[in-house]
Amino acid sequence: MNELSRRAAPRTSVPSTGGTDWPPTWNITSHGISTGRYIDPLFARLEYEKLWRKVWQAAARLDEIPDAGDYTVYDIGDQAILLVRVDPSTVKAYHNACPHRGTALAQGAGHFPSNRIMCPFHGWRWNLAGQNQFVLERQEFCGGSLRDSDVALKEVNVVLFAGFVFINLDPNPQPFDEFIAPLRALLEGLAVGDMHHYWWKSLSIPANWKVAQEAFFEAFHVPATHPQLEKGGAEVILGKREDAEFTHRYVNYEVFPHGHGRFFGGKKTPMAGHVNERKGDPLEEMAARLNLLVEGMDAMVLKEDIEVLLTLRGKPIPEGSSLGGEYMKALYATAAQQGRPMPKPIPEILGMWGGEVFIFPNLMVLPQAGNAMIYRIRPDGFDPDRCVFEILSTRTLPAAVKPPRATIDRVTDLGDPQQLLLIPRQDLGNIPRIQKGLHSQGIQHTWLAANQEKIILNMHQQLDRYLQA
Ligand code: FES
Ligand SMILES: [Fe+2]
């Protein structure tokens, strides 16, 4: 079937996988990704059946439900999962449906008064552990022999890790330890589990969830998309210069089993004191470069980090050290005074600052000095052309500060500077355009750079292992 006729006569059921029903428009080629994977409603439906119902996924941050009785609801496809804090070390996940006649037990986020989960329809209720505690006119059900266990809330697998509540809808899922093994040491070393809510924005974007997240899988979009962050590189792109010091050439990309990946700049990052094509005072240039992140994102690098850097003004750098090295020392000394947790001070962890850890299928952690920006992107229902895109700014807190309960702000206008700062506005300016372009009959597949875009390919290869299982 050629491209035109396939588009004109879409199938109405999910095809079998691995056989002749897998159309060429869903293939991964040796050098790119076929566009059907981003635009075809049947592909989105297959992803739901074979990926989202089987994979571990971050359903919440623990900060959303800090106290016993707090709850939040996580939606994926047509399923809603109720996440409930039971005690300081326990979170339960339930299918959000009353066993009596199906009413959704909760909406949004909130707190169950007196730690009772009560159905609004007929008032049946459960404790936080999901055990039924009240059935109105119980004698009328099952001839009076209805057992509590018949109407207990239906649990979903849940694992707490790195401050996230991971869930899996598969009753017999891959062991979480096996799933996370390639990233466990990195995420623990980065202290992601100690990071708390600073701000969290949720956006509805007219793009496939993979299009949206792949915009954050590489650093080589920076000169064109964020020219203020890389002036020399931007000039090359504009044809004003032959070459420049491009940050992405310092970035290392790595892929892991189970679809995960990471990139990192090691010592060649602004946080480690490296500024491309330095002309003036190293400390002032470093502060100015970092300030672009504070003003452009208010995440990863925060204002207080720059204040620490500025305390080094006028201080000589000891023999054998560097500006970056002294800055690290100052950050750790300040954090120690505050009793604030910090990432493990070892080269592999410090080298991740300014990089990214990608947790398959849809979670990205971009760590810095005890801060991290986190992206979570998932499909909106079964629509291949829309996703829920969330940005979380998180940070570790001084020992004396009680972490706030996380609240989510809905962004209503992607172009509004009051709602989104410059850097995310720049990224999100591209994403709907990519989706629009992928619908064009003028493009059958994308082209992927072998190194810079390897996380994209690895992600799709793992996706196919789920889809073709
Ligand atoms: S539907 Fe929930 S108590 Fe009746
Ligand atoms: Fe970007």
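1. Let us begin at the metal. In this predicted model, the site of the iron ion (ligand 2) is irregular, with angles of 52 to 150° among its 4 donor atoms. Four donors count as tetrahedral if all angles lie between 85 and 135 degrees, so the span of 52 to 150° at the iron ion (ligand 2) does not fit that class. For comparison, ideal angles are 109.5 degrees for four tetrahedral donors.

2. Which protein atoms hold the iron ion (ligand 2)? They are NE2 of His221, NE2 of His226 and, listed twice, OD of Asp427, lying 2.1 to 2.7 Å from the ion. Read along the chain, the donors of the iron ion (ligand 2) have the spacing H-x4-H-x200-D. Are His221 and His226 buried or exposed? His221 is buried, and His226 is buried as well.

3. The third donor residue leads on to the helices. Helix 12 covers residues 422-438, and helix 8, residues 282-297, packs against it at an angle of about 70°, with the two axes 5 Å apart. Helix 8 and helix 12 are therefore roughly perpendicular to each other. On the helix 8 side the contact involves Leu292, Leu293, Gly296 and Met297, and on the helix 12 side Leu422, Ile423 and Pro424.

4. Helix 8 has another partner to look at. Helix 9 (residues 303-310) packs with helix 8 at an angle of about 175°, and their axes are 10 Å apart. That angle makes helix 8 and helix 9 roughly antiparallel to each other. Here Leu283, Met286, Ala287, Leu290, Asn291 and Val294 of helix 8 meet Lys303, Ile306, Leu309 and Leu310 of helix 9.

5. A further helix pair is worth a look. Helix 3 (residues 41-52) and helix 13 (residues 454-467) have axes 8 Å apart and pack at an angle of about 75°. Helix 3 is thus roughly perpendicular to helix 13. Phe43, Leu46, Glu47, Lys50 and Leu51 of helix 3 make the contact with Leu463, Tyr466 and Leu467 of helix 13.

6. Now turn to the sheet. How many strands does the open sheet have, and what is their order? There are 7 strands in the order 1-10-9-4-3-2-5, with antiparallel pairing. Strand 1 (57-61) and strand 5 (109-111) stand at the edges with a single partner strand each, so one side of each is left without a neighbour in the sheet. From one strand to the next, the twist averages 30°. Helix 4 (residues 176-189) packs on the sheet and touches strand 9 and strand 10 (164-168), its direction making about 25° with that of strand 9.

7. Some of the pairings can be followed residue by residue. Strand 3 (residues 79-87) and strand 4 (residues 90-95) run antiparallel and are joined by 6 bridges; they form a hairpin with 2 residues between them. Within this pair, Leu82 stands opposite Tyr94 of strand 4. Tyr94 also has Glu155 as its bridge partner in strand 9, where strand 4 and strand 9 (residues 155-161) pair in the antiparallel sense over 2 bridges. Towards the edge strand, strand 2 (residues 70-76) pairs with strand 5 in the antiparallel sense over 3 bridges, and Tyr71 has Gly110 of strand 5 as its bridge partner.

8. Finally, please check a few backbone details. Most residues other than glycine have a negative phi, and most peptide bonds are trans. The peptide bond from Phe360 to Pro361 is cis, with omega near 5°, and Pro361 sits in the loop between strand 14 (356-359) and strand 15 (363-367).

9. Which residues other than glycine have a positive phi? Asn115 is one of them, with phi near 55°; Ala191 is another, with a phi of about 65°. Asn115 lies in the loop between strand 5 and strand 6 (116-118), while Ala191 is found in the loop between helix 4 and strand 11 (196-205). Asn115 has a relative accessible area of 32%, so it is partly exposed. Ala191 has a relative accessible area of 5%, which means that Ala191 is buried, since the cut-off for buried is under 20%.

Definitions and conventions
Residues numbered from 1 in each chain as written. Chains lettered and ligands numbered in written order. Predicted model: local features only at pLDDT ≥ 70, side-chain atom pairs only at ≥ 80, totals over all residues. Heavy atoms only, no water. Donors = N, O, S within 2.8 Å, 3.2 Å for Na, K, Ca; no water. Tetrahedral: all angles 85-135°; square planar, octahedral: opposite > 155°, others 65-115°. Buried < 20%, exposed > 50% of the residue type's maximum accessible area, 1.4 Å probe, protein only. Pairing = 2+ DSSP bridges. Helix = DSSP H or I, 4+ residues; strand = E, 2+ residues; numbered from the N terminus. Axes fitted to C-alpha atoms, helices over the stretch in contact; angles between N-to-C directions. Parallel < 35°, antiparallel > 145°, perpendicular 65-115°, else oblique. Contact = heavy atoms within 4.5 Å.
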